[in-house]
Amino acid sequence: MRRRRARLLCSLLLTVAAGAGTAASSASASPASPASPAPPASAAADAAAPIPLDRVVPAPASVRSVEGSYAISPDTRIRVSGADRSARPARRVGDYLAGLLRPSTGYRLPVTTRSGDDGIRLRLTPDAAGVRKLGEEGYRLEVTGRAITLSARSSAGLFHGVQTLRQLLPTSVERTTRQAGPWRVSRGTITDVPRYAWRGAMLDVSRHFFGVDKVKRYIDQLALYKINTLHLHLSDDQGWRIAIDSWPRLTTYGGSTQVGGGPGGYYTKDDYREIVSYAASRELTVVPEIDMPGHTNAALASYAELNCDGVAPPLYTGTEVGFSSLCVPKEVTYDFVDDVIRELAALTPGPYLHIGGDEAHSTSHEDYVAFMDRVQPVVAKYGKTVVGWHQLTGAHPAKGAIAQYWGTDGSEKEVAEAAKAGTRLVLSPANRAYLDMKYDANTPLGQSWAGYVEAKQSYDWDPGTYIKDAPASSVLGVEAPLWTETLETSSHIEYMAFPRLPGIAELGWAPASAHDWDEYKVRVAAQGPRWDALGIEYYHSPQIPWPND
């Protein structure tokens, strides 16, 4: 089972530094005054030499280094350019970059559309010969002694390039108070494109509820490593987290609790829109999940008519799985599903909607197949592509469907057969990509049903060959799920996600030829001081040579 019973002993929960979970995003900090007092000289230690171009995570596709560096100074301007349609997106990325750099540098860094051959230049040139081959998310970063030029076909490419530029600056750039320079970037050229289109992270907000600000905090952390998909697990046995106007008790009653019996919570439609909008500003697509026909106790408790016997079960605050099921023979079930998918699809601009489908142990195989045959067309009716956990391949996956694999050895024949027939795969093997698995026996959070998953095991596998007999072309990408039976705070999320999340991000972005643990562990170790500056509570894996250990 994917989510076996967790032992929720309060004495084992991670103790975190006060206030770490509420640290503000550096992107939202207000500009610092150039006249503010200079920081102590010791703050300049990490800026003594520019960071090599090949030191970033994920590893770039191509790096050409040149001797020397470019220095951001008080006179630096951020110049944005593009055709009429692209000037506004370029300006948004320029404003974002300025918001990142102003607090720590203390520089004005005005964002301007005036052309020039100096400063930081963000160029959206979708039809330029050297840029067309970069696709929708690729970019080229060229650093000379006079300018930093970032070119891309789309705002997504520019944004990902900004994340690379960010990692090439001293780690103190992440702080929200003025720091000592110099702010130098190594000269050379990075040409970068992602290996996979889907590079995701899932956050379970059903077992424990996480409010809008905490989701935004995680989004900012995902964006740093070029994650482009946020999968929100919005419903489960322990709580229903998204308002549905046509079935209001789903949230007012079904969302009123969580694991351990806490107060729960839910997103209003405006809350959800805010999350979707914020994710889009960081170039992430939100994929909402309503798990069904199992994992539905919160819905069954809210509406008695959804149960085959017409009796609503009590709300559930434990962690067992597989005991609940929508009533497949009842027509009201499909009225319910239609309403939920219709309202959720209207709120979600992205192309995907996840219908779960895992651990439906209380649903017979015949009923499971019948249910999926009825529900997949509903998703299509409202203009979305259906995504389901890989158990969907044991039914009849719709044309174009995506199956998310969470097994542990890639040997399931039905998954390979579905892939051969055209079903695309997102890989989340539990013993590699599940961020809620304990690192070792002493980890105070998480579970261990899929074994202990240290940083190397999480990184050291190839998505292109993982599913036996499945064509490599069927792999749409990778995703790192984070289930929250034992997690209640942002610090808990961070402790389990870092350092493993950047490794999964690299598997999704970097070419397969770049995957080398011995080389990667040095690069990810260099991220530690950056996480310290950002206030990220991370696990100090003994497998990684952290600079401060």
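Student: In which sense do β4 and β6 pair, and over how many bridges?
Tutor: Strand β4, residues 119-124, pairs with β6 in the parallel sense, over six bridges. This is a predicted model.

Student: Which residues sit across from each other there? Take Arg123 and Ile120.
Tutor: Arg123 stands opposite Ser151 in β6. For Ile120, the bridge partner in β6 is Ile148.

Student: And β5 with β6, parallel or antiparallel?
Tutor: Antiparallel, over five bridges, with β5 covering residues 139-143. Tyr139 stands opposite Ala152 in β6.

Student: What joins β5 to β6?
Tutor: A hairpin, which runs through three residues.

Student: How are those strands ordered in the sheet?
Tutor: The order is β1-β7-β5-β6-β4-β2-β3, in an open sheet of seven strands with mixed pairing.

Student: Which strands stand at the edges, and why are they left without a neighbour on one side?
Tutor: The edges are β1 (62-72) and β3 (111-112). Each has a single partner strand, so one side of each has no neighbour in the sheet.

Student: Back to β6. How many of its residues are buried?
Tutor: Six of the six residues in β6, which spans 147-152, are buried.

Student: Which residues lie on which side?
Tutor: Ala147, Thr149 and Ser151 are on one side of β6, and Ile148, Leu150 and Ala152 are on the other. Both faces are covered.

Student: Switching to helices. What about α14, mostly covered or not covered?
Tutor: Mostly covered: ten of the ten residues of α14, numbered 500-509, are buried. Among them are Arg500, Glu506 and Trp509.

Student: Now α6. What span should the helix have, and what are its end C-alpha atoms doing?
Tutor: Helix α6 has 13 residues, 269-281, and at 1.5 Å a residue they should span 18 Å. The end C-alpha atoms are 18 Å apart, which agrees.

Student: What comes after α6, and what is the sign of its phi?
Tutor: Glu283 follows α6, and the phi of Glu283 is positive, near 60°.

Student: Which residues of α6 are buried, and what covers them?
Tutor: The buried ones are Lys269, Tyr272, Ile275, Val276, Tyr278 and Ala279. Their cover includes α4 (212-223), β9 (229-233), β12 (285-289) and α8 (331-347).

Student: Any reason for that kind of spacing in a helix, in general terms? Why would residues three or four places apart point the same way?
Tutor: An α-helix has 3.6 residues a turn, so residues three or four places apart point the same way.

Student: At what angle do α6 and α8 pack?
Tutor: The angle is about 45°, and the axes are 10 Å apart. That makes α6 oblique to α8.

Student: Which residues meet there?
Tutor: From α6, Lys269, Tyr272, Arg273 and Val276; from α8, Glu343, Leu344 and Leu347. By class, this contact of α6 with α8 has four nonpolar, three charged and no polar residues.

Student: One more in α8: Thr333, buried or exposed?
Tutor: Thr333, which lies in helix α8, is buried, with a relative accessible area of 0%.

Student: What does Thr333 touch?
Tutor: Leaving out residues up to four places away in sequence, Thr333 touches Leu306, Leu326, Cys327 and Phe371.

Key
Residues numbered from 1 in each chain as written. Predicted model: local features only at pLDDT ≥ 70, side-chain atom pairs only at ≥ 80, totals over all residues. Heavy atoms only, no water. Buried < 20%, exposed > 50% of the residue type's maximum accessible area, 1.4 Å probe, protein only. Helix = DSSP H or I, 4+ residues; strand = E, 2+ residues; numbered from the N terminus. Pairing = 2+ DSSP bridges. Expected span 1.5 Å × (residues − 1). Contact = heavy atoms within 4.5 Å. Axes fitted to C-alpha atoms, helices over the stretch in contact; angles between N-to-C directions. Parallel < 35°, antiparallel > 145°, perpendicular 65-115°, else oblique. Nonpolar A, V, L, I, M, F, W, Y, C, P; charged D, E, K, R; others polar.
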